Amino acid sequence: KQGTVTLMLWAMRSIVNEWKRDKSSIEGKIVDCKAPIVSFMRFGKLQRFSKSQLLSNILSDHAHFFHWNLIEGSDPKRRAVDGLVDICWYLPSGQDSDSFPTVVSFANLHGDCSKHHLQREFLAKASDVNFVLVSHLEGSNQSDMEMLQSLSQAPAKLVLVALNREVKKEAKKLFKNIDVCFNRQKTERNIKRKWKQLINSKLENIHDYKCLSDCEKIAEGISEPILIDENDAFITGGKIQAYEVRSLLKESSSTDDLIPLQGKELWGRFVEANNELHRLNKHKEGEVESYREAQQRTIDEIRRKQCEIIEKLNPNCCVLKFILYLSSQEYSYFLQNLKLMLENYEKGQIIGLEHLFRETGQMYEAKKSLEGKAGLEVLHNFDLPDVAAKLLIDGYPLELMDGDTTHVPITWVKAVINEVVRKLNDPKVFVLSILGVQSSGKSTLLNAMFGIQFKVSAGRCTRGAFMQLLPIEQSLREKFKCDYILLVDTEGLHSPESDYKKDNEIATFVIGLADITIVNIFGEVPVDMENI
């Protein structure tokens with residue numbers, strides 16, 4: 001809202017960064033990372049000196065913070081970002097050449113700090129070190145002097161950075177208890193070196209770091225409380241729904257209770273019968289038709305059992321609550337909150353979003369097996385393909401191949417795709433898949449290319465295959481002759497728990513599905529990969 005200041009915690013919740021400490025990799029959500037916070041502000045005008053440009057130069061050669069020198073001939077008068085505080089993180093690589101030994105959060109207040117008292121007060125309390133750049137003190141009134149004195153009494157260390165000798169002399173005379181330094185370096189190399197030394201010296205004896213999540217209490221506790229984006233009614237509603245589903249997940253110790261259609265015996269028999277129906281690996285010569293009929297009878301029997309299970313489900317069970325909340329107005333906030341909660345869950349947690357979506361697909365396929373007969377009252381109020389299609393269009397990844405059994409739920413996937421086609425008026429879609437050995441960086445590559453968030457981590461992370469729909473910008477659709485890109489990410493091949501047959505199935509599936517397949521190779525090509 002106009003005239004208000006908001007802390008954008010929700011916007012940062014899903015940011016995952018990776019850094020190194022003592023040569024070991026650490027991956028985590030940046031809002032939960034305890035790290036020193038260094039803030040940069042300016043007092044008054046800086047006479048064609050860009051604080052944002054200085055801060056970008058300190059961090060690296062890239063323009064992390066937007067400044068008026070980025071575009072030749074641009075106007076330094078800001079029209080949209082006055083009072084905005086943006087943040088950037090320095091992530092150490094574990095090398096001796098690192099500028100800072102740990103993760104450091106750099107906050108940058110755009111505009112004159114004397115005119116943005118809420119942002120100034122927040123940064124003074126949230127930061128570990130505050131640098132205030134000053135180019136003149138002449139003509140400053142009493143309230144400005146009191147403001148600078150109040151900054152020196154805040155929890156954060158205050159450093160006044162004088163941009164000329166006169167200001168340094170004046171500042172030392174006026175502020176006996178404030179650290180004053182002089183930014184006199186002329187060459188960019190010297191500026192970077194001196195500033196890194198200065199920042200490290202100010203952080204040297206600080207060890208009790210805060211994470212950005214802790215800043216919520218600080219924002220609510222200043223003179224005029226800052227709004228928190230997570231307090232929005234839709235986000236709060238989605239969080240309450242996600243807590244309810246997560247509590248149901250925690251209450252049960254058995255996966256058969258949470259996802260009964262994927263019970264070990266039932267689901268394993270179904271996948272085996274379905275594979276045999278189409279592949280006939282174990283049939284006896286001359287008994288093909290009778291063998292097929294036997295497999296079909298097994299499939300029909302399991303579908304009947306699945307329908308019986310669905311009929312007996314408690315309306316308040318985990319999977320039905322999951323489907324209910326996916327159909328609500330807050331569905332995107334519910335799903336994102338649940339995803340964050342499950343990612344922060346105990347290491348032993350074996351139920352993920354993919355299992356809940358898989359159960360939803362099995363419910364749909366079981367319902368379809370009734371061929372129009374009455375039944376499954378609990379699902380009558382839900383259009384399951386419509387719910388999944390809406391999520392796919394919104395950019396959420398959807399499981400295409402079961403990572404545990406390499407089963408593709410054709411009926412479910414077809415229904416979802418048909419619904420997407422109907423909603424988007426039969427768009428032209430370009431399918432891009434990726435293939436590679438375990439930990440070769442497939443998901444990371446797709447994330448970097450398209451700005452998405454497939455799961456990434458050391459070791460095997462993706463299981464099976466997932467698809468994600470990305471719209472192409474309107475102006476580029478004619479050039480590329482398509483409206484959307486369908487990305488297909490796959491699990492790593494040649495993993496310890498995989499086998500040659502499964503690797504071949506995944507490779508054949510994603511190559512046959514795509515217009516183009518990227519084969520991502522890390523280092524030399526292994527023999528097994530060549531064979532596949």
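# Exercises on cores, rings and helix packing

Leaving out neighbours within four places in sequence, Phe 322 contacts Val 245, Phe 334, Leu 335, Leu 338, Leu 353, Leu 356, Phe 357 and Thr 360. The model is predicted. The exercises start from this residue.

**Exercise 1. Find which residues touch the most other members of the largest nonpolar core, and which helix gives the most to this core.**

Step 1. The largest nonpolar core has 64 residues.
Step 2. Within this core, Phe 322, Leu 338 and Met 363 touch the most other members.
Step 3. Helix α12, residues 318–326, gives the most to the core, with seven residues.
Step 4. A second core is separate and has 44 residues, among them Ala 35, Ala 154, Leu 158 and Leu 212.

**Exercise 2. Describe the ring pair of Phe 322 and Phe 357, and say which parts of the chain the pair ties together.**

Step 1. A pair of aromatic rings is described by the distance of the centres and the angle of the planes.
Step 2. For Phe 322 and Phe 357 the centres are 5.2 Å apart and the planes make 80°.
Step 3. An angle over 60 degrees counts as edge-to-face, and this pair is edge-to-face.
Step 4. Phe 322 lies in α12 and Phe 357 in α14, residues 353–368, so the pair ties together parts 35 residues apart in sequence.
Step 5. Now check burial. Phe 322 has a relative accessible area of 0% and is buried. Phe 357 has 12% relative accessibility and also counts as buried, because the cut-off is under 20%.
Step 6. Ring pairs link Phe 322, Tyr 325, Phe 334 and Phe 357 into a cluster.

**Exercise 3. Classify the pair of Phe 100 and Phe 106 by the angle between the planes.**

Step 1. The structure holds 12 aromatic pairs.
Step 2. Phe 100 and Phe 106 form one with 5.7 Å centre to centre and 55° between the planes.
Step 3. The angle is neither under 30 nor over 60 degrees, and the pair is tilted.
Step 4. Phe 100 is buried at 1% relative accessible area, and Phe 106 is buried at 0%.

**Exercise 4. Describe how α14 and α15 cross, and name the residues that make the contact.**

Step 1. Two packed helices are described by the angle between their axes and the distance between the axes.
Step 2. The axes of α14 and α15, residues 384–393, come within 10 Å. They cross at roughly 145°.
Step 3. The crossing of α14 and α15 is left-handed.
Step 4. From α14, the contact uses Phe 357, Thr 360, Met 363 and Tyr 364. From α15, it uses Leu 384, Pro 385 and Leu 391.

**Exercise 5. Locate the charges of Lys 390 and Arg 477 relative to aromatic rings.**

Step 1. Lys 390 lies over the face of Tyr 331, at 4.3 Å from the ring centre.
Step 2. Arg 477 lies over the face of Tyr 484, at 5.3 Å from the ring centre.

**Exercise 6. Place Lys 210 in the chain and list what it touches.**

Step 1. Lys 210 sits in the loop between α6 (188–203) and α7 (215–221).
Step 2. Lys 210 and Ala 35 are 175 residues apart in sequence, yet their C-alpha atoms are 6.1 Å apart in space.
Step 3. Not counting residues up to four places away in sequence, Lys 210 touches Cys 33, Lys 34, Ala 35, Lys 125, Ala 126, Ser 127, Asp 128 and Ile 218.

Terms used
Residues numbered from 1 in each chain as written. Predicted model: local features only at pLDDT ≥ 70, side-chain atom pairs only at ≥ 80, totals over all residues. Heavy atoms only, no water. Core = buried A, V, L, I, M, F, W, Y, C linked by side-chain atoms within 4.5 Å. Buried < 20%, exposed > 50% of the residue type's maximum accessible area, 1.4 Å probe, protein only. Helix = DSSP H or I, 4+ residues; strand = E, 2+ residues; numbered from the N terminus. Contact = heavy atoms within 4.5 Å. Phe/Tyr/Trp six-rings, centres within 6.5 Å; stacked < 30°, edge-to-face > 60°. Lys NZ or Arg CZ within 6 Å of the ring centre and 35° of its normal. Axes fitted to C-alpha atoms, helices over the stretch in contact; angles between N-to-C directions. Left-handed = near helix turned anticlockwise from the far one by under 90°.
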